[in-house]
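Biologist: Hello! I have a fold on my screen and would love to talk it through with you, one question at a time.
Modeller: Happy to help, so let's bring it up.

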Amino acid sequence: VYMFLRSDSGIENELKWDFDSREEKYLYLKNKKHVSLQGETVKSNGEKYIADFLFEHNIDYSYERNLTQAKDFLYRPDFTITYNDKKFVLEHWGIDEHDRTKSVPPYWSETWDQYHDTMIRKRNLFRWVNSKQKEKGLPSITLLETSIVDLRNGRAEFDKHLKKLLEANGIPCVKKDRAHLISSIQLNQT
């Protein structure tokens with residue numbers, strides 16, 4: 001049940017959700033922008049789709065966990081996945097690197113060039129992290145990348161792309177059955 005509080009101006013403001021079942025909560029979260037099925041707030045629809053996919057396929061991950069700090073740059077990749085003692089970083093880029101028009105959404109505070117420079121900086125920092133891993137005799141971390149380009153054909157196609165990417169890197173993607181998904185939803189989340 002969705003409850004509203006109407007202000008004197010006549011504008012309805014969300015007051016709270018009161019879910020009667022986990023199924024109801026699952027459907028709400030599945031369709032809510034920028035909130036994953038685990039109830040975490042993410043920065044984009046692409047990140048939401050990734051978080052939901054990982055949750056639905058029982059793939060353990062951390063969202064924006066600190067990986068390293070180099071000089072003045074704190075590197076917090078979008079997703080960190082650990083599987084079979086291997087570590088993967090999954091970055092979802094918000095631009096098309098090959099866009100000749102260099103367009104960004106109108107609400108962004110940075111330009112295409114600024115965002116692209118950050119992408120390059122993160123990739124370089126990632127290589128640096130792996131060189132330090134090698135020096136210490138530790139296994140390397142695999143960088144996986146998706147972008148808004150992969151979202152052009154909708155969520156179902158994006159899920160297929162993500163499954164192919166993960167499985168190509170040795171991470172099995174077996175979707176939980178619906179009953180297990182529903183039972184995994186916490187009623188006390190967002």
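**Contacts and cores**

Modeller: Setting aside neighbours within four places in sequence, Ile-81 touches Leu-54, Ile-59, Asp-60, Tyr-61, Lys-86, Lys-87, Phe-88, Leu-166 and Ile-171. Please keep in mind that this is a predicted model.

Biologist: Thanks! How many residues are in the largest nonpolar core?
Modeller: Ile-81 is one of the residues with the most contacts inside that core, a group that also includes Leu-54, Phe-79, Leu-162 and Leu-166. At least two residues each come from α2, β3, β6 (79-83), β7 and α4 (155-168). The size of the core is 20 residues.

Biologist: Which element gives the most to this core?
Modeller: Several elements supply at least two residues each, among them β3, β7 and α4. The top contributor, with 5 residues, is α2.

Biologist: How many residues does the other core have?
Modeller: This core lies apart from the largest one. Among its members are Leu-67, Phe-126, Val-129 and Ile-141. The number of residues is 7.

Biologist: Are α2 and α4 parallel, perpendicular or oblique to each other?
Modeller: On the α2 side, Gly-46, Lys-48, Tyr-49, Ile-50, Asp-52, Phe-53 and Leu-54 meet Arg-155, Phe-158, Asp-159, Leu-162, Lys-163 and Leu-166 of α4. The helix axes are 10 Å apart, and the packing angle is about 60°. An angle of 35 up to 65 degrees is neither roughly parallel nor roughly perpendicular, so α2 is, relative to α4, oblique.

Biologist: And what is the handedness of the crossing of α2 and α4?
Modeller: The two helices pack with their axes 10 Å apart. Their crossing is right-handed.

**Salt bridges**

Biologist: Let's turn to charges. How far apart are the closest N and O atoms of Lys-43 and Glu-64?
Modeller: Side chains of opposite charge can pair when their charged atoms come close. Lys-43 sits in the loop between α1 (22-31) and α2 (45-56), while Glu-64 is in the loop between β3 (61-63) and β4 (68-70), 21 residues away in sequence. A salt bridge needs these atoms within 4 Å, and here the distance is 2.8 Å.

Biologist: Which of the two, Lys-43 or Glu-64, is buried?
Modeller: Lys-43 has a relative accessible area of 58%, so it counts as exposed. Its partner has a value of 12%. Buried means under 20%, so the buried one is Glu-64.

Biologist: Which residue is linked with Lys-43 and Glu-64 in a network of salt bridges?
Modeller: Lys-43 and Glu-64 form a salt bridge with each other. The network also takes in one further residue, Arg-76.

Biologist: How many residues apart in sequence are Glu-145 and Arg-123?
Modeller: These two form a salt bridge whose closest N and O atoms are 2.6 Å apart. Glu-145 belongs to strand β8 (residues 141-147) and Arg-123 to helix α3, so the pair ties together parts of the chain whose separation is 22 residues.

Biologist: Is Asp-113 buried, partly exposed or exposed?
Modeller: Asp-113 forms a salt bridge with Lys-102, with 3.0 Å between the closest N and O atoms. The relative accessibility of Asp-113 is 38%. Partly exposed covers the range between 20% and 50%, so Asp-113 is partly exposed.

**Loops and backbone**

Biologist: What is phi of Asp-85 near?
Modeller: Asp-85 is in the loop between β6 and β7. With 75% relative accessibility, Asp-85 counts as exposed. Its phi is positive although the residue is not glycine, with a value near 65°.

Biologist: What is phi of Glu-64 near?
Modeller: Glu-64 lies in the loop between β3 and β4. Here too phi is positive in a residue other than glycine. The value is near 50°.

Biologist: How far apart in space are Val-174 and Glu-56, C-alpha to C-alpha?
Modeller: Val-174 is in the loop between α4 and α5 (178-184), and at 63% relative accessibility Val-174 counts as exposed. Leaving aside neighbours within four places in sequence, Val-174 is in contact with Glu-56 and His-57. Val-174 and Glu-56 are 118 residues apart in sequence, yet their distance in space is 8.4 Å.

How values were computed: Residues numbered from 1 in each chain as written. Predicted model: local features only at pLDDT ≥ 70, side-chain atom pairs only at ≥ 80, totals over all residues. Heavy atoms only, no water. Salt bridge = Lys/Arg side-chain N within 4 Å of Asp/Glu carboxyl O. Helix = DSSP H or I, 4+ residues; strand = E, 2+ residues; numbered from the N terminus. Buried < 20%, exposed > 50% of the residue type's maximum accessible area, 1.4 Å probe, protein only. Core = buried A, V, L, I, M, F, W, Y, C linked by side-chain atoms within 4.5 Å. Contact = heavy atoms within 4.5 Å. Axes fitted to C-alpha atoms, helices over the stretch in contact; angles between N-to-C directions. Parallel < 35°, antiparallel > 145°, perpendicular 65-115°, else oblique. Left-handed = near helix turned anticlockwise from the far one by under 90°.
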